[in-house]
Structure formats: C-alpha cells, structure tokens
Amino acid sequence: MAVDRALVRRRGILIELGATALVVFALTISLVGFHIKDVSGGLSLELRYIDVMSAVIIAIIGRGWLILVRHGHYWWVSVTATLTATILIGSLIFGGAIVQKYLPFKAGLLQWLLAIVSAGFAVGSAIRGVRKRNTTPLTAEGLASFAEDTSFMDWVSAQVQRSSVWIGAIIFLFAAVFPFLPGVNLRYLDIGVLVLTYVMLGWGLNIVVGLAGLLDLGYVAFYAVGAYSFALLASPDSPLLQELGWTQGISFWVCMPFAGLMAALAGVALGFPVLRLRGDYLAIVTLGFGEMIRVTLLNFYSLTKGPDGISKIPPPSLLGYSTEARMDENTLENTTEFHTALDIPFDQSHTTILLYFVILIMALATNFFTVRVRKLPVGRAWEALREDEIACRSLGINPTNTKLTAFGIGAMFGGFAGSFFATRQTFVSPESFTFIESAVILAIVVLGGFGSQIGVVVASFLLIGLPEMFRELQEYRMLFFGGSMVLVMLWRPAGLLAHREPTIRLYDGKCAGKAEAAAR
C-alpha cells in the first residue's frame with residue numbers, strides 16, 4: 001500500500017501547529033487570561049480572552065515560519081514576514097485606531113516588538129534563500145559547499161566574533177555618551193545602571209560556565225556575600241559597626257575590594273566540595289550552596305539583622321566628597337558636600353550618573369580581565385577543562401586548581417557587583433538574593449552564548465532592559481522569559497552568539513601553508 005508522503009507531512013505540520021497552540025493557550029490562560037481588579041463593593045474577575053487569542057495567533061504564525069524554514073521555503077517566509085511587518089508598522093504610523101481595531105495586538109509597544117521580529121524573519125530568510133540558491137548540490141563542489149554551509153545565525157556569530165573589537169568599541173562609545181543623549185531621563189539612567197549590573201554579573205558567571213564549563217546555579221550566593229560584606233562595613237546601621245562603636249562607615253572604594261575578596265573566598269570554599277562532581281550533580285550542589293547562604297543571612301540576625309535588612313548604606317564618594325543628599329537643620333534644604341563645594345544645586349540625576357559610570361567602569365574592568373586572562377595559561381586550562389576533563393588531566397593540568405581558580409575569580413566579580421548593588425539600593429535584605437536571580441543570570445549567559453562577551457550584553461538588554469522599558473507589558477515578562485529560553489534551546493542550543501573556539505590551536509592551516517611556502 002503506497003503511502004502519500006505529502007499527506008503525512010501535512011498531517012504532521014497540522015499536529016505540530018495544534019500542539020503549539022494548545023501549549024501556548026495553557027500557559028497564557030493561567031498567566032494573563034485572568035485579571036482581578038477593584039470595583040465598588042469588592043473584587044471583579046476580568047477575562048482577557050483577546051490577549052490569550054493574540055498569544056496563540058503569534059505562536060502559530062511564528063511556529064509556521066519555523067516549519068517553512070525547516071523545509072526550505074525561505075521565500076514564502078520572507079514574503080509573509082515582510083507583509084506582516086508592513087501591516088504592523090503601517091497600522092502604528094498611518095492606521096491609527098481604525099486599523100488597530102481589527103488587529104488582535106492592542107499594545108503599541110508589543111506591535112513594535114512583533115514588527116521588529118517579523119522584519120528579522122524576513123531578512124534572515126531572504127539571506128538564507130540567496131545562500132542556498134547559490135549552492136550547486138548536484139556537483140562535487142556543490143555538495144562540499146552545502147555540507148560546510150552553516151545557518152544564518154552561525155554566520156552572524158562568526159562575523160560578530162571576527163569584528164568583536166570594532167563592535168565592542170561602538171558599544172563602549174554608545175554607553176559612554178548614553179547619559180548625555182537627548183531624551184534620556186532619570187528612568188532610562190536607572191535602567192542603564194540595572195542592565196550594566198547584570199552585564200557584569202553575566203561576564204563574571206561566564207568565567208565559570210562559559211570558559212570552565214562548570215554549571216553554577218548558585219551564583220547569587222557570591223552576589224549576596226559581596227553585598228553584605230560591603231553593607232556591614234559601610235553602613236552605620238550595621239550591627240558590626242555598632243558593636244565596634246563606630247558611628248561612620250568605611251568608604252565605598254575601600255569596602256569594594258574587601259567585598260570581592262570575601263566573595264572569592266566563598267567561591268573557593270564552594271569549589272572544594274565539588275571537585276569530583278560534574279554536570280547535574282554539580283548544579284544541584286551549587287543550587288544548595290546558594291540557598292544555604294540565603295537562609296544563613298535570614299537567620300543570623302545578630303550580624304545581618306535577618307529579614308529586616310541593613311539600611312543607610314551611603315552612595316560612592318567622588319574625589320573625597322560625599323554625594324549623599326542631607327537635610328540642613330537651619331535652612332531645611334537639600335545640600336551635599338560635593339555640590340556645595342562646586343556651588344551647584346543638588347540634582348538626583350547627578351548621583352545616578354555617577355552610579356552609572358561607576359558600574360560602567362567596573363563592567364569594563366571585568367570584560368578586560370576576562371579577555372586578557374583567556375589568553376593566559378590559566379584561561380587555556382579552563383577551556384581544556386570545559387572540553388574534556390580526562391584529556392585535561394592527561395596534558396598535566398591540575399583540575400583541582402583549575403576549578404578553584406574559576407570559582408574564585410568568577411565569585412570575586414560577583415562580589416564586586418554585589419557591593420555596587422548595595423550602594424545603589426542603600427539597603428540589602430535576603431529577599432534580594434533568591435534563586436530566581438541565579439536563574440536570570442544563568443539565562444543571560446545561556447541566551448547570549450557560552451563564552452561570548454558581546455552575547456552577554458545582548459542578552460542582558462533583551463532579558464533586563466526590554467521588560468523594564470516596556471512596563472505596560474510587565475505581566476508578560478515571565479512568559480517572554482520562558483518563551484525566549486525555549487526558542488533558544490530549539491533554535492540555537494549554544495546561544496545567540498556562542499563562541500567556543502579555543503584561543504590556541506596545535507595545527508593551523510594558514511601556518512602550515514606558510515611553512516610549506518618557506519620550505520620551497
């Protein structure tokens with residue numbers, strides 16, 4: 001009996017689309033399908049069926065495009081994605097409420113985001129279609145080029161890594177002038193500070209996960225150790241300073257190295273019990289370590305004040321002057337030592353700009369150290385440990401020292417970031433260091449790509465910056481977070497801009513060619 005393969009393929013596609021619709025419906029109906037609001041006389045339950053249907057339609061369209069790309073129908077995807085992006089952008093610019101009335105996407109920011117994604121699908125599919133059309137698989141050369149052909153994102157990742165210096169310079173210049181751009185207010189400055197904090201955390205964890213290949217689910221523990229080490233020495237509200245009889249805390253620039261040192265010691269302390277563990281077992285132990293630190297901070301009330309937290313943490317000083325706003329008892333006006341010395345009025349944005357440049361410098365120092373140490377013997381030992389621990393041992397590399405250095409150095413940068421978090425928030429408590437923070441930091445590394453510095457920047461903006469900018473879509477944040485992780489694992493398991501190339505090779509084709517030419 002002959003089997004109609006086309007019919008079987010169509011049924012499989014319909015089943016796949018139906019399963020996608022059911023999964024998205026089950027997720028969205030519980031997350032955004034119901035809304036409780038206050039009304040006169042009590043509470044009212046609002047059903048958001050339009051939002052649920054919008055999410056299902058988006059999922060079906062996106063899954064359909066992925067299926068078409070998988071079967072090689074690049075031009076169909078390019079045309080339909082271009083049409084979708086045109087309709088969305090046209091309705092936002094020219095259509096107004098009349099056109100948007102017949103669209104399931106009601107939020108303007110969500111329409112812009114969907115239009116950008118659709119345009120990305122259109123451009124990527126068109127480029128892939130051109131590349132596939134240029135190959136000639138019926139010949140030997142064509143078969144070889146087809147076998148060596150990589151996906152569009154692989155090509156983008158290779159180009160990004162090849163031009164990483166120029167791209168990094170452009171990102172640095174943009175970050176340096178960002179506070180002075182027109183239209184940048186205090187809210188966007190706060191978002192920039194938050195994104196840079198997670199960029200630094202991602203680069204610190206990238207040492208452990210991306211370079212050394214050690215799965216760490218408790219990185220927030222080092223973040224917490226750094227924050228509390230700083231708070232105990234900097235805040236006059238600290239039980240430690242009160243016990244010593246000190247009425248004033250130590251400066252930020254003195255406490256920050258100590259916070260990094262304490263976090264590094266915590267990383268080394270974690271490294272010893274996990275020397276023989278790999279994979280899932282390592283992840284479970286690090287997860288338990290993170291929870292142990294949080295519970296200790298919660299219950300050690302005599303030192304950490306438990307759930308009450310430590311407050312009155314001062315901001316960083318600048319050139320020896322305090323930037324903290326204080327109340328003058330005579331004039332009852334806000335004055336600061338620094339602004340008084342410069343004879344300028346106090347403005348909260350000045351303190352935020354200072355915090356922005358402090359975390360920018362700290363993040364750049366983390367990136368510079370990671371890039372440089374990657375080319376040193378210890379960095380190459382991390383990469384050897386990541387690829388194959390048995391081969392690492394056979395080369396004479398000590399896995400014990402390699403793991404301890406990775407945990408210690410990665411934890412040190414987490415401690416530095418924790419000290420900045422404490423001075424920015426002026427308050428720390430155990431509730432700020434839950435497991436979800438470790439999950440977010442690890443998701444940034446996974447989404448950006450293991451070992452990719454630029455990928456961490458991109459992922460931090462996507463997972464931290466966009467949800468903060470799109471506050472009207474705040475309730476969709478976890479849905480976007482989970483959906484992006486699922487798509488990355490299906491589409492790019494190694495991350496958007498993964499970079500796992502070794503820093504040194506035993507054999508290089510270019511070097512071999514030069515050697516042969518010299519021999520001739």
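**Note on the predicted model**

1. Aromatic cluster. Phe174, Phe178, Phe180, Tyr356 and Phe357 form one aromatic cluster. The model is a predicted one, and the points below should be read on that footing.

2. A pair inside the cluster. The structure holds 14 aromatic pairs. Among them is Phe230 with Phe252, an edge-to-face pair with 5.5 Å from centre to centre and 70° between the planes. Tyr356 and Phe357 also make an edge-to-face pair. Their ring centres are 5.5 Å apart, and the planes stand at 90°. Both of these residues belong to the cluster of point 1. Are Tyr356 and Phe357 buried or exposed? Tyr356 has a relative accessible area of 3%, so Tyr356 is buried. Phe357 has 24%, so Phe357 is partly exposed. The cut-off for buried is under 20%.

3. Phe230 and Phe252. This pair links distant parts of the chain. Phe230 belongs to helix H9 (residues 220-234) and Phe252 to helix H11, with their positions 22 residues apart in the numbering. Phe230 and Phe252 are buried.

4. Packing of H11 and H18. Two packed helices are described by the angle between their axes and the distance between the axes. Here helix H11 spans residues 252-271 and helix H18 spans residues 399-425. Their angle is about 140°, and the axes are 7 Å apart. The crossing is right-handed.

5. Who makes that contact? On the H11 side, which residues take part? They are Phe252, Met256, Pro257, Ala259, Gly260, Ala263, Ala264, Gly267, Val268, Leu270 and Gly271. H18 supplies Leu404, Phe407, Gly408, Ala411, Met412, Gly415, Phe416, Ser419, Phe420 and Thr423. The contact holds 14 nonpolar residues, 7 polar ones and no charged ones. Phe252 thus has two roles to note: Phe252 is in the contact with H18, and Phe252 pairs with Phe230.

6. Arginine over a ring. The charged end of Arg187 sits over the ring of Tyr188. The distance to the ring centre is 5.4 Å.

7. Two lysines with positive phi. Most residues other than glycine have a negative phi. Lys305 has a phi near 65°, and Lys312 has one near 60°. Both values are positive, in residues other than glycine. Lys305 is found in the loop between helix H13 (301-304) and strand E3 (326-327). Lys312 lies in the loop between H13 and E3 as well. How do they sit, buried or exposed? Lys305 has a relative accessible area of 19%, so Lys305 counts as buried. The cut-off is under 20%. Lys312 is exposed, with 59%.

8. Glu46. Glu46 is placed in strand E2 (residues 42-47). Its relative accessible area is 30%, so Glu46 is partly exposed. Gly33 is 13 residues from Glu46 in sequence. In space the two are 8.3 Å apart, C-alpha to C-alpha.

9. The chain as a whole. The protein chain has 22 helices and 4 strands. Of its 520 residues, 42% count as buried. How much of the contact set is between residues 24 or more positions apart? Such residues account for 71% of the contacts with a separation of 6 or more.

Terms used. Residues are numbered from 1 along each chain as its sequence is written. This is a predicted model: local features need pLDDT of at least 70, side-chain atom pairs count only at pLDDT 80 or more; totals for chains, interfaces and linings use all residues. Side-chain values use heavy atoms; hydrogens and water are left out. Axes are lines fitted to C-alpha atoms, for helices over the stretch in contact, and angles run from 0 to 180 degrees between N-to-C directions. A crossing is left-handed if the near helix is turned anticlockwise from the far one by less than a right angle, and right-handed if clockwise. Contact means heavy atoms within 4.5 Å. Ala, Val, Leu, Ile, Met, Phe, Trp, Tyr, Cys and Pro count as nonpolar, Asp, Glu, Lys and Arg as charged, and the others, Gly among them, as polar. Rings of Phe, Tyr and Trp (its six-membered ring) pair if their centres lie within 6.5 Å; planes under 30 degrees apart count as stacked, over 60 as edge-to-face and the rest as tilted. Buried means under 20% relative accessible area, exposed over 50%, partly exposed in between (1.4 Å probe, protein chains only). A charge sits over a ring if NZ of Lys or CZ of Arg is within 6 Å of the ring centre and within 35 degrees of the ring normal.
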